[in-house]
Amino acid sequence: MDSFLLSEIHIDGVEKVSGRLLSCKLNLDVLENVSPQQISEAIDNLFSSLYFEKVTYELVPAYD
């Protein structure tokens, strides 16, 4: 798969940092096509902020 439509971003389990700050750190646009490489870079960028010991993500297919 070269790219897919990113329809939503949910951030869970965050207490010390705002979800808005994290969304900005991800630098991904909702309702835009993104590549797996862009997702990987976004997670690396988030982890490099040093706010976290671990960052995980899940891609969930959207069904019509």
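Visitor: Which residues lie nearest the centre of the largest pocket?
Guide: This is a predicted model, so to speak, on paper: local features need pLDDT of at least 70, side-chain atom pairs count only at 80 or more, and totals for chains, interfaces and linings use all residues. Numbering starts from 1 along each chain as its sequence is written, and side-chain values use heavy atoms, with hydrogens and water left out. As for the largest pocket, 30 residues line it, and those nearest its centre are E8, I9, H10, Y57 and E58.

Visitor: Which element gives the largest share of that lining?
Guide: Two or more residues of the largest pocket's lining come from each of β1 (4–6), α1 (19–26) and α2 (36–47); these are DSSP runs numbered from the N terminus (helices H or I, at least four residues; strands E, at least two). With four residues, the largest share belongs to α2.

Visitor: Let's stay with α2. Is L46 buried or exposed?
Guide: L46 is part of helix α2. The cut-offs are under 20% relative accessible area for buried and over 50% for exposed, with partly exposed in between (1.4 Å probe, protein chains only). L46 comes out at 9% relative accessibility, so the label is buried.

Visitor: And which residues is L46 in contact with, leaving aside its neighbours within four places in sequence?
Guide: Contact here means heavy atoms within 4.5 Å. C24 is 22 residues away from L46 in sequence, yet the two C-alphas are 9.3 Å apart in space. The contacts of L46, with those neighbours set aside, are L22, K25, L26, F52 and V55.

Visitor: How far is the backbone oxygen of L46 from a polar atom of the side chain of S49?
Guide: S49 sits in the segment after α2, while L46 is in the helix itself. S49 has a relative accessible area of 15%, so this serine counts as buried too. From the backbone oxygen of L46 to a polar atom of the S49 side chain, the distance is 2.6 Å.

Visitor: Over to the loop between α1 and β2. What is phi of N27 near?
Guide: N27 is in the loop between α1 and β2 (32–34). A relative accessible area of 65% makes N27 exposed. Phi of N27 is positive in a residue other than glycine, near 55°.

Visitor: What about L31: what is its phi near?
Guide: L31 is also placed in the loop between α1 and β2. At 58% relative accessible area, L31 is exposed. L31 is a residue other than glycine with a positive phi, near 70°.

Key. 1 Å grid on protein atoms, 1.4 Å probe; cavity = no way out; pocket = protein on both sides within 12 Å on 5 of 7 lines; lining within 4 Å. Polar contact = N/O pair within 3.5 Å; in protein donor to acceptor, adjacent residues only side chain to side chain.
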